[in-house]
Amino acid sequence: ASEGLYSVARLLLESGSSVLCKDRWGNTPIDEARLCGDKNLVTLFKDAKNSQSYEIVDHSRPQVTGTLQTIDELITEAKSRRKCTVFPYHPRDRGDGQRKPGIILWVSQTIEELISEAKVQLDVSLDCCLLAANGGRITDPDMISNDQDLFLVSDEQKAG
């Protein structure tokens with residue numbers, strides 16, 4: 001708000017941010033919009049204030065509810081996202097000229113979600129697991145590093 005970034009403010013409001021929160025100087029987003037002289041931003045915050053309902057518990061500290069995040073938290077989360085490339089063949093079959101291309105995916109919260117998304121994107125219907133380049137089975141998404149190559153193989157193929 002203090003920088004007059006209308007699109008960022010709108011995104012935060014759509015994500016559930018409160019217009020009553022205060023910064024370290026005690027200013028609300030509406031105060032900051034007024035200080036920077038942005039009438040569109042002031043209107044955006046006033047409309048949001050009118051449409052939001054609040055449960056006031058303790059005015060002495062900022063209220064945080066549910067999934068509200070600061071811009072810094074959103075940026076940190078975006079930077080920490082990992083992606084991987086999933087190929088529809090066994091890692092030992094790299095020399096085969098008939099391979100299908102892989103698909104780049106965001107690493108999911110669970111291996112099951114990642115396998116499910118890979119199966120949809122790669123048009124695979126068999127029961128599958130994910131292997132690393134060394135042939136080891138991936139059982140936890142925390143084992144996956146950013147930009148790692150993974151291999152979606154049927155349960156029969158995993159012994160390779």
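Which helix lies across β1, β2, β3 and β4? In this predicted model, select residues 111-122: this is helix α5, and its direction is at about 150° to that of β2.

Next, show the sheet beneath the selection as a cartoon. Its four strands form an open sheet in the order β2-β1-β4-β3, and the pairing is mixed. Strands β2 (103-106) and β3 are the edges, each pairing on one side only. On average, neighbouring strands in this sheet are turned by 35° against each other, direction ignored.

Move to β1, residues 83-87. Four bridges connect β1 with β4, and the two strands are parallel. To find one point of pairing, pick Thr 85 and look for Asp 149, its bridge partner in β4.

Now select β4 (residues 148-154) together with β3. These two strands run antiparallel and are joined by four bridges. Here Leu 130 has Leu 152 of β4 as its bridge partner.

Stay on β3, residues 128-131, and show side chains. Cys 128 and Leu 130 point one way, Cys 129 and Leu 131 the other, and all of them are buried. In a regular strand, side chains alternate between the two faces of the sheet.

Finish with the cysteines. How many disulfides does the structure hold? The count is zero. Cys 129 is in no disulfide: the nearest cysteine sulfur belongs to Cys 128 and is 7.3 Å away, whereas the cut-off for a disulfide is 2.5 Å. Cys 129 counts as buried because its relative accessible area is 1%, under the 20% limit. Select Cys 21 for contrast: its relative accessibility is 34%, so this residue counts as partly exposed.

How values were computed:
Residues numbered from 1 in each chain as written. Predicted model: local features only at pLDDT ≥ 70, side-chain atom pairs only at ≥ 80, totals over all residues. Heavy atoms only, no water. Buried < 20%, exposed > 50% of the residue type's maximum accessible area, 1.4 Å probe, protein only. Pairing = 2+ DSSP bridges. Axes fitted to C-alpha atoms, helices over the stretch in contact; angles between N-to-C directions. Contact = heavy atoms within 4.5 Å.
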